[in-house]
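Visitor: Could you take me slowly through one part of this molecule, the place where the ligands sit, and then show me what lies around that place?

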Amino acid sequence: MPDLHVLTHPIAQVCLTQLRDQSTRPEQFRTAMQRLSALVFAEASSGISLQSIDVQTPIVATKGFKLARPVILVPILRAGLGMIDGILSLVPDAVVAHVGIARDEETAQPHSYYAKLPQVLASGEVFLLDPMLATGGSAVEAARQLKEAGVKNLRLVGIVACPQGIAAFQHAHPDVPIYTAAVDEGLNDRSYIVPGLGDAGDRYFGT
Ligand code: PRP
Ligand code: URA
């Protein structure tokens, strides 16, 4: 599929297995989520622009780089928050904006309840973060809000996707690449990903 990037790194697969395992304790789940988020983000950010700068080493003057544009992370509340700490270990200067979207438990339709989107969004490299791409409804709505706010460089970074969510997102936002650690089989009758990892927000926050 175009613009779908699935991480195959062995360490990513080990982290993913820990997340899937229902016996993984909450603190292990958090650590695995943060490590895996950093790995997927590293792949997703591999194409962002650099600016050349001068740097003085202890030996000689040479050339180096800094990021050309601000990096902006947009977690979809709540579960997207679980991806932040790992990613900030790579880009500690990143701006963090927030979008609050919850699925209706009966219909799985996205309900938008919060947004804090700074003006810098329009000039930055924006990463929409949500570990689960199930029906795709939440990510489709979040990306719509970001585009309405002026975002141009947008990528979706997740942990587990499935064919239904990928199709829905690519149909709505064919210009936005998707980065994920897994593409699972599909959805069950409650619109949970199979085999998946359960409810990402509940497992990360211990609710
Ligand atoms: C979960 C998950 C995604 C969404 C994915 O959020 O974190 O945001 O479902 O499902 P979709 O692709 O079918 O929209 P949920 O609504 O359970 O909220 P939470 O993160 O607060 O638990
Ligand atoms: N949200 C989750 O947290 N898990 C799923 O499998 C689907 C939606």
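**The ligand pocket and its surroundings**

Guide: Around ligand 1, the shell draws at least two residues from each of three elements, namely strand E6 (98-103), strand E9 (132-133) and helix H4 (137-148). Before going further, please keep in mind that this is a predicted model, and that what follows describes that model.

Let us begin with ligand 1 itself. The residues that surround ligand 1 number 15, and the closest are Arg103, Asp130, Thr135, Gly136 and Ser138. If we sort the shell around ligand 1 by class, we find 6 nonpolar, 5 polar and 4 charged residues.

Several of the contacts can be followed atom by atom. In one of them, a polar backbone atom of Arg103 lies 2.6 Å from an oxygen atom of ligand 1. Gly136 also takes part through its backbone, where an N or O atom is 2.8 Å from an oxygen atom of ligand 1. With Arg78 the side chain is involved instead, since one of its N or O atoms is 2.9 Å from an oxygen atom of ligand 1. Taken alone, ligand 1 exposes 500 Å², and the protein buries 90% of that area.

Arg78 deserves a pause for its backbone as well. Arg78 belongs to the loop between strand E4 (71-77) and helix H3 (84-88), and the peptide bond that joins Leu77 to Arg78 is cis, with an omega of about -5°. The residue whose side chain reaches an oxygen atom of ligand 1 is therefore also one that follows a cis peptide bond. Turning to the pocket as a whole, ligand 1 sits in the largest pocket, and the space taken by ligand 2 is the largest pocket too.

Ligand 2 has its own set of neighbours, which are Arg103, Met132, Ala134, Ser191, Tyr192, Ile193, Gly198, Asp199 and Ala200. Arg103, which is among the closest residues to ligand 1, appears in this list around ligand 2 as well. By class, the shell around ligand 2 holds 5 nonpolar, 2 polar and 2 charged residues.

Here, too, the backbone can be followed into the contacts. A backbone N or O atom of Ile193 is found 2.8 Å from an oxygen atom of ligand 2, and a polar backbone atom of Ala200 is 2.8 Å from an oxygen atom of ligand 2. In the case of Gly198, a polar backbone atom lies 2.8 Å from a nitrogen atom of ligand 2. The area that ligand 2 exposes when taken alone is 240 Å², of which the protein buries 89%.

One of the residues around ligand 2 is Ser191, and its backbone is worth a careful look. Ser191 lies in the loop between strand E14 (186-187) and E15, and its phi is near 65°, a positive value in a residue other than glycine. Ser191 has a relative accessibility of 17%, and because buried means under 20%, Ser191 counts as buried.

A little further along the chain comes Pro195, which is placed in the loop between strand E15 (193-194) and helix H6 (200-205). The peptide bond leading from Val194 to Pro195 is cis, and its omega is near 0°.

A positive phi is also found at Ala108, where the value is about 65° although Ala108 is not a glycine. Ala108 is located in the loop between E6 and strand E7 (110-116), and E6 is one of the strands that supply at least two residues of the shell around ligand 1. The relative accessibility of Ala108 is 10%, so Ala108 counts as buried.

Two other loop residues complete the tour. Ser45 is situated in the loop between H2 and strand E2 (50-56), and a polar atom of its side chain lies 2.8 Å from the backbone oxygen of Phe41. With a relative accessibility of 14%, Ser45 counts as buried.

Arg25, in turn, lies in the loop between helix H1 (10-20) and helix H2 (26-44). Its relative accessible area is 46%, and so Arg25 is partly exposed. The side chain of Arg25 makes a polar contact with the side chain of Glu27, at 3.1 Å. Arg25 and Ala182 are separated by 157 residues in sequence, and their C-alpha atoms are 21 Å apart in space.

Technical notes. Residues numbered from 1 in each chain as written. Chains lettered and ligands numbered in written order. Predicted model: local features only at pLDDT ≥ 70, side-chain atom pairs only at ≥ 80, totals over all residues. Heavy atoms only, no water. Near = heavy atom within 4 Å. Polar contact = N/O pair within 3.5 Å; in protein donor to acceptor, adjacent residues only side chain to side chain. Areas by Shrake-Rupley, 256 points an atom, 1.4 Å probe, with all protein chains shown as cover. 1 Å grid on protein atoms, 1.4 Å probe; cavity = no way out; pocket = protein on both sides within 12 Å on 5 of 7 lines; lining within 4 Å. Sits in = over half its atoms within 2 Å of the grid points. Nonpolar A, V, L, I, M, F, W, Y, C, P; charged D, E, K, R; others polar. Helix = DSSP H or I, 4+ residues; strand = E, 2+ residues; numbered from the N terminus. Buried < 20%, exposed > 50% of the residue type's maximum accessible area, 1.4 Å probe, protein only.
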